[in-house]
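Work through the exercises below with the model open. Try each task before you read its solution.

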Amino acid sequence: MKPAPFDYVRAESVEDALSALAERSEARVLAGGQSLIAMMNLRLAKPACLVDINRLSELDYIRLEGDELAIGALTRHTTAATSPAVGEHWPLMTAAYGHVAHRAVRNRGTVGGNLCHAEPASENPAVAIATGAPLVLRSVDGERRIAAADFFLSLYETAAQQNELLTEIRIPKAPVKQGSSFQEMSTRKGDFALVGIAATLECPNGACSDARVVAVGVGERAERLDAAEAAIKGAVMNEAGIAAAAEAARDSVNPPSDFHADSEYRRDLVFTLTKRALGEAHGRCRKGG
Amino acid sequence: MESVKIALTVNGQRHERETEPRRLLSDFLREDLRLTGTHVGCEHGVCGSCTILMNGQSTRACLTFAVMADGAEITTIEGLGSVDDMHPLQAAFWEKHGLQCGFCTPGMLMTALELLRENPDASREQIREALSGNLCRCTGYQTIVDAVEAAAETMRGAGR
């Protein structure tokens, strides 16, 4: 099938884009198009008006600003995946990119576009939630920041208003003593996750002081696994401690059954991948990041 | 929905056209420019048969509107080589039986071209990784990997 007709506006500046979004309530943002155009080709999406932001090079950057890494929303996945700054200061994102699509899709798809699309089986939302990254939204009315944890509401639904443009993702630099890991099971490498687990740990002296465990594929959005995190904090991170946390993770989720995997299998994956993620994160922690 | 004027360079040749915003680059190349080497398979980005280079980077033409390619430099399979002057990749695919029906082949070649430009010493593992987004129903992939490996050797020797 071919996409339904739409009106096309090409923004030449951020202000241009914001005005266009404010002018028409049916206006939607077109960034890399790797998710949106696919849906439009299947007529699962039929936006009446698209605002093309691909000329906004001022939103394509990765900058170290003090203790935070600032990533412009139009940064292409290829840029982020191969960025030495991201590799050094946010290795969880680099690890997740090993599972994201394929090169041609990564060349055009953008970090911001992927977050705003809010595909439940996508990796980056879990990465954003695991680091508590604030997201910066702009509109003709001004600018606001929202924590990643509050941004993803449901299937393809975020807290961004129709007239808002995501402009930036800010991440606190990972502490030196933090270990992270991203584990995923998908039908083929590059496919959407059946289940994915993002984990970050800080474990000075064997016991764990801070843990984030975020699951992909257990519901309509990426979820922090509070039960797993609670089981880890303060625990000694040996094999038994990790297994207990993985069990807590499995018992806390109620994943959907669908065409790709049933609930039972997804629960098993949560257990196995949480165990692997915590094991790997812990190993990296002890090595000093 | 108004037509939009675009100007783009395809295989070194400049084209100016008017097009509907919803016109996919894959259809624009095939139907407006009569360059039918770029194929349409799944039309949602997963099969790779529509892969071209846009500003030197592999891109799914089915996930790009032609209007987004305004001002861009596009390379399609027609720009890689010709029957009388094959690119080493094309010669290698021929010699190593890297194709049967040929439907996936242009996409495979454009993806392989990007790989070898960036990593002329790509290992078999790296070749498989790079081509993992291009599906083939005929060959079983082994001869495709053989072909890319052989082309890489030729290209290293010729300094290409």
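Three exercises follow, on cavities, a helix pair and a sheet.

This is a predicted model, in which local features need pLDDT of at least 70 and side-chain atom pairs count only at pLDDT 80 or more, while totals for chains, interfaces and linings use all residues. Residues are numbered from 1 along each chain as its sequence is written, chains are lettered from A and ligands numbered from 1 in the order in which they are written, and side-chain values use heavy atoms, with hydrogens and water left out.

**Exercise 1. Describe the lining of the second largest cavity.**

Step 1. Fix the term: on a 1 Å grid over the protein atoms alone, a cavity is a set of points where a 1.4 Å probe fits but cannot get out, and lining residues have an atom within 4 Å of a point. Grid points are joined across faces, edges and corners; the volume is the space filled by probe spheres set on them.

Step 2. The structure holds 2 cavities of 30 Å³ or more. The second largest has a volume of about 40 Å³.

Step 3. List the lining. Chain A gives A:His102, A:Arg103 and A:Ala104. Chain B gives B:Ser58, B:Arg60, B:Thr111, B:Ala130, B:Gly133 and B:Asn134.

Step 4. Assign elements, which are DSSP runs numbered from the N terminus: helices (H or I, at least four residues) and strands (E, at least two). Helix H6 (103-108) of chain A and strand S4 (57-60) of chain B each supply at least two lining residues.

Step 5. Sort by class. Ala, Val, Leu, Ile, Met, Phe, Trp, Tyr, Cys and Pro count as nonpolar, Asp, Glu, Lys and Arg as charged, and the others, Gly among them, as polar. The lining has 2 nonpolar, 5 polar and 2 charged residues.

**Exercise 2. Characterise the packing of H11 and H12 in chain A.**

Step 1. Helix H11 (residues 239-252) and helix H12 (residues 263-286) of chain A pack at about 145°, with axes 8 Å apart. Axes are lines fitted to C-alpha atoms, for helices over the stretch in contact; angles run from 0 to 180 degrees between N-to-C directions.

Step 2. Find contacts (heavy atoms within 4.5 Å). H11(A) residues including A:Ile242, A:Ala246 and A:Arg250 meet H12(A) residues including A:Arg267, A:Phe271 and A:Leu278.

Step 3. The contact residues divide into 8 nonpolar, 2 polar and 4 charged.

**Exercise 3. Give the strand order of the chain A sheet.**

Step 1. Strands pair if DSSP finds at least two bridges between them.

Step 2. The order is S4-S5-S10-S6-S7, an open, antiparallel sheet of 5 strands. S4 (62-65) and S7 (142-147) of chain A are the edge strands.

Step 3. Check one pair: S6 (residues 134-139) and S10 (residues 165-172) of chain A share 4 bridges. A:Leu137 stands opposite A:Leu166 in S10(A).

Methods. On a 1 Å grid over the protein atoms alone, a cavity is a set of points where a 1.4 Å probe fits but cannot get out, and a pocket is an open set with protein on both sides within 12 Å along at least five of seven lines; lining residues have an atom within 4 Å of a point.
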